[in-house]
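What follows is a walk through one structure, taken region by region. Please keep the sequence and the coordinates in view while reading.

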Amino acid sequence: MAGRIKNYFAGGNTARGFYSLYDSNLEGLKRLFILKGGPGTGKSSLMKEIGSEWVKKGWDIEYLHCSSDNESIDGVIIRSIGVGIVDGTAPHVIEPKLPGAVEEYVNLGEAWDAAALRENKEEIHALTTKISDSFEKAYRTFAEALKIHDDWEKIYIDNIDFAKANELTNQLISEFFGHMALNKKADVRHRFLGAATPKGAVDFVPNLTEGIAKRYFIKGRPGSGKSTMLKKLVAEAEKRGFDLEVFHCGFDPHSLDMLIVRELGLAIFDSTAPHEYFPSRDGDEIIDMYEKIISPGTDEIYEKEIKVFAKKYKEKMTEATTYLARAKALHDELEQIYVAAMDFQVVNEKKEAIHAEMNQLTEEASYLKG
């Protein structure tokens, strides 16, 4: 029986620049292979091939997706044996904490023809500069969109009944946890359920909530208290010792979009655009923040202002996405230069060496378990 694949992002193109949550997801691994090498050196393909092999053998894996390339991954983790493989190049540079003992660099640059790359030095430099410039423009435009979003939010923040908001949060805490508390420290993992990509907003909500018995879909407007409520639920769950998957907003990582408590079989998430979903199975329930805690008639009273903010916000988000798409197109050109200079047989040998060590670690773990 094949294993299960969990998909998420550990880094994102946000209004606060590239934002990394890698440390949270790599923490506690017994062995971490950090891949080094330029674009087109086969890092994503290597990780996908190893991930595919281990899924077929029945192991559950985690794919850390790349927010700058919809077809690539930046990492694969087989958590049950404590092994991970990650792309350790910019912007998600991974620095070893216990080099050799836990982390090991795998240099795929050993497989390229350096002389051939030197012949294309000027083109490589020009493309690299243009890629960096495109990302900076994207981040700057996302930041402008966030300012618009903040003004949009203020309309609803000014019309929140905070007593009702607290009452709703306390009601959910009681419903979720009752008097339960576990006698252990919570294992908390911070991730992104979605990201801004060259093809627009992408999310993995269906995959992440697959098999979750109880799903709560939070509906509402910008500034209607969704993230604040989630933060309070996270704090309470962590205090009670429950293991948590905390998903940050791919646009503003200071906000939260989802909480999963697998020990309780529940997920609660912001189910508004760009990750808008509706109940589709038994156990699904809507929590409407606008209906429950916002002053009646707010939409109608501020209709004109809301339309202006929504239009400006959408325009900025579209503009930022075009810069990400431009960066991706330039990156594809850069990759081709490196691909032409690579000996992928060397890359395959490195993949097999990693695979062999993973098999050995699995055998050792099975032996120790008896």
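A residue is called buried when its relative accessible area is under 20%, exposed when the value is over 50%, and partly exposed in between. The model discussed here is a predicted one. With a relative accessible area of 2%, serine 67 falls under 20% and therefore counts as buried. Serine 67 belongs to the loop that runs between strand E5 (61–65) and strand E6 (73–78). What does serine 67 contact, once neighbours within four places in sequence are left aside? The partners of serine 67 are Phe9, Gly11, Gly12, Asn13, Phe18, Ala195, Ala196, Thr197 and Pro198.

Several of these names lead to another pair of strands. Gly11, Gly12 and Asn13 are residues of strand E2 (residues 11–14), where Gly11 and Asn13 point one way while Gly12 and Thr14 point the other way. All of these E2 residues are buried. Strand E2 pairs with strand E3 (residues 17–20) in the antiparallel sense, over four bridges. The two strands make a hairpin, with two residues joining E2 to E3. At one bridge, threonine 14 has glycine 17 of E3 as its partner.

The strands on either side of the serine 67 loop are also paired with each other. E5 and E6 run antiparallel and are joined by four bridges. Within this pairing, isoleucine 77 in E6 is the residue that stands opposite glutamate 62. Is E6 mostly covered or mostly open? E6 is mostly covered, as six of its six residues are buried.

E6 has a further antiparallel partner in strand E7 (residues 83–87), again with four bridges. Here valine 76 is bridged to isoleucine 85 in E7. E6 and E7 form a hairpin with four residues between them, and glycine 82 in that turn has a positive phi of about 70 degrees.

Beyond E7 comes a loop that leads to strand E8 (103–107), and proline 91 has its place there. The peptide bond from alanine 90 to proline 91 is cis, with omega near 10 degrees. A cis peptide bond also joins alanine 273 to proline 274, with omega at about 10 degrees. Proline 274 sits in the loop between E15 and E16.

Arginine 281 lies in that loop as well, between strand E15 (266–270) and strand E16 (284–288). Its relative accessible area is 33%, so arginine 281 is partly exposed. Leaving aside neighbours within four places in sequence, the contacts of arginine 281 are with Thr209, Gly211, Ile212 and Arg215. Serine 224 is 57 residues from arginine 281 along the chain, and the C-alpha atoms of the two are separated by 26 Å.

The next topic is the cysteines. A disulfide is a covalent bond between the sulfur atoms of two cysteines. Why does cysteine 66 not form a bond with cysteine 249? The sulfur of cysteine 249 is the closest cysteine sulfur to that of cysteine 66, but the distance is 18 Å, which is too far for a bond. Cysteine 249 is accordingly in no disulfide, and the count of disulfides comes to zero. Cysteine 66 is buried, with a relative accessible area of 13%. Cysteine 249 also counts as buried, at 14% relative accessibility.

The helices remain. Two packed helices are described by the angle between their axes and the distance between the axes. For helix H5 (residues 162–177) and helix H7 (residues 226–239), the angle is about 35 degrees and the axes are 10 Å apart. The crossing of H5 and H7 is right-handed. On the H5 side, Asn166, Leu168, Thr169, Leu172, Ile173, Phe176 and Phe177 take part, and they meet Met229, Lys232, Leu233, Glu236 and Ala237 in H7. The residues of this contact divide into eight nonpolar, two polar and two charged.

Helix H10 (residues 303–340) contains alanine 327, which is buried, with a relative accessible area of 1%. Not counting residues up to four places away in sequence, alanine 327 touches Ile131, Ser134 and Phe135. Serine 134 is 193 residues away from alanine 327 in sequence, yet the two are 5.4 Å apart in space, C-alpha to C-alpha.

Conventions. Residues are numbered from 1 along each chain as its sequence is written. This is a predicted model: local features need pLDDT of at least 70, side-chain atom pairs count only at pLDDT 80 or more; totals for chains, interfaces and linings use all residues. Side-chain values use heavy atoms; hydrogens and water are left out. Buried means under 20% relative accessible area, exposed over 50%, partly exposed in between (1.4 Å probe, protein chains only). Contact means heavy atoms within 4.5 Å. Two strands pair if DSSP finds at least two bridges between them. Axes are lines fitted to C-alpha atoms, for helices over the stretch in contact, and angles run from 0 to 180 degrees between N-to-C directions. A crossing is left-handed if the near helix is turned anticlockwise from the far one by less than a right angle, and right-handed if clockwise. Ala, Val, Leu, Ile, Met, Phe, Trp, Tyr, Cys and Pro count as nonpolar, Asp, Glu, Lys and Arg as charged, and the others, Gly among them, as polar. A disulfide is a pair of cysteine sulfur atoms within 2.5 Å.
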